Amino acid sequence: MTVVMIAKVDESTCTACGDCVDDCPTGAIKVDVVAVINANICDGCGVCVARCPTESLTIVEGPKRLPSDQLPPFIIRYTEGRS
Ligand code: SF4
Ligand code: SF4
């Protein structure tokens, strides 16, 4: 298992402006009522943290991940399909 860092949204201050979505290099953020981070795609780069005008994003320890050679086949197909 590998511990990774990911972005976390403060739902009490996020205004759903969408600025972080535009700048995320991995496409890990979507905005519904507030911004939502896909922990399977976020690589913890911090670009969104710098972009957020309300300081609603921080980088935190994320869920533990399996090494890439131990991922289930459907996850490997999913990640290979991303550009
Ligand atoms: S940039 Fe900040 S305020 Fe705007 S949607 Fe993203 S987290 Fe929310
Ligand atoms: S830390 Fe990087 S990869 Fe993760 S949501 Fe923010 S901009 Fe996207």
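1. Helices here are DSSP runs of H or I at least four residues long, and strands are runs of E at least two long, both numbered from the N terminus. On that basis the protein has three helices and four strands. Their order along the sequence is β-α-β-β-α-β-α. Please keep in mind that this is a predicted model.

2. On the overall fold, 16% of the 83 residues in the protein are buried. Of the contacts between residues at least 6 apart in sequence, 62% link residues at least 24 apart.

3. The largest nonpolar core has 12 residues. Its cysteines are Cys 20, Cys 24, Cys 42, Cys 48 and Cys 52. The other members are Ile 6, Ala 7, Ala 28, Ile 29, Ala 35, Ile 37 and Leu 57. Strand 1 and strand 3 (35-37) are the elements that give two or more residues to this core.

4. Ligand 1 is surrounded by 15 residues, and the closest are Cys 14, Cys 17, Cys 20, Ala 35 and Cys 52. By class, this shell holds nine nonpolar, four polar and two charged residues. Cys 20, Ala 35 and Cys 52 also belong to the largest nonpolar core.

5. Ligand 2 has 14 residues around it, with Cys 24, Cys 42, Cys 45, Val 47 and Cys 48 the closest. The shell divides into 10 nonpolar residues, three polar and one charged. Strand 1 (2-9) and helix 2 (47-51) each supply at least two residues of it. Cys 24, Cys 42 and Cys 48 are core members as well.

6. Ala 35 deserves a closer look. This residue lies in strand 3 and is one of the closest to ligand 1. Ala 35 counts as buried because it has 25 C-beta neighbours inside 10 Å, where the cut-off is 20 or more. Leaving aside neighbours within four places in sequence, Ala 35 is in contact with Val 9, Cys 14, Ala 16, Cys 20 and Ile 29. Its C-alpha atom is separated by 9.3 Å from that of Ser 56, which is 21 residues away along the chain.

7. Ile 29, also in the core, has contacts beyond four places in sequence with Cys 20, Val 21, Cys 24, Ala 35, Val 36, Ile 37 and Cys 48. Among these, Cys 20 and Ala 35 are listed with the closest residues to ligand 1, while Cys 24 and Cys 48 are listed with the closest to ligand 2.

8. Two backbone angles should be checked. Most residues other than glycine have a negative phi. Ala 16, however, has a positive phi near 60°. This residue is in the loop between strand 1 and helix 1 (19-23) and is exposed, because 12 other C-beta atoms lie within 10 Å. Glu 55 likewise has a positive phi, of about 55°. Glu 55 is in the loop between helix 2 and strand 4 (57-65) and counts as exposed because it has 10 C-beta neighbours inside 10 Å.

9. Val 4 is in strand 1. With 15 other C-beta atoms within 10 Å, Val 4 is partly exposed. Beyond its neighbours within four places in sequence, Val 4 is in contact with Gly 44, Gly 62 and Arg 65. Val 4 and Asp 43 are 39 residues apart in sequence, yet their C-alpha atoms are 7.4 Å apart in space.

Definitions and conventions. Residues numbered from 1 in each chain as written. Chains lettered and ligands numbered in written order. Predicted model: local features only at pLDDT ≥ 70, side-chain atom pairs only at ≥ 80, totals over all residues. Near = placed C-beta within 6 Å. Nonpolar A, V, L, I, M, F, W, Y, C, P; charged D, E, K, R; others polar. Core = buried A, V, L, I, M, F, W, Y, C linked by C-beta atoms within 7 Å. Contact = placed C-beta atoms within 7 Å.
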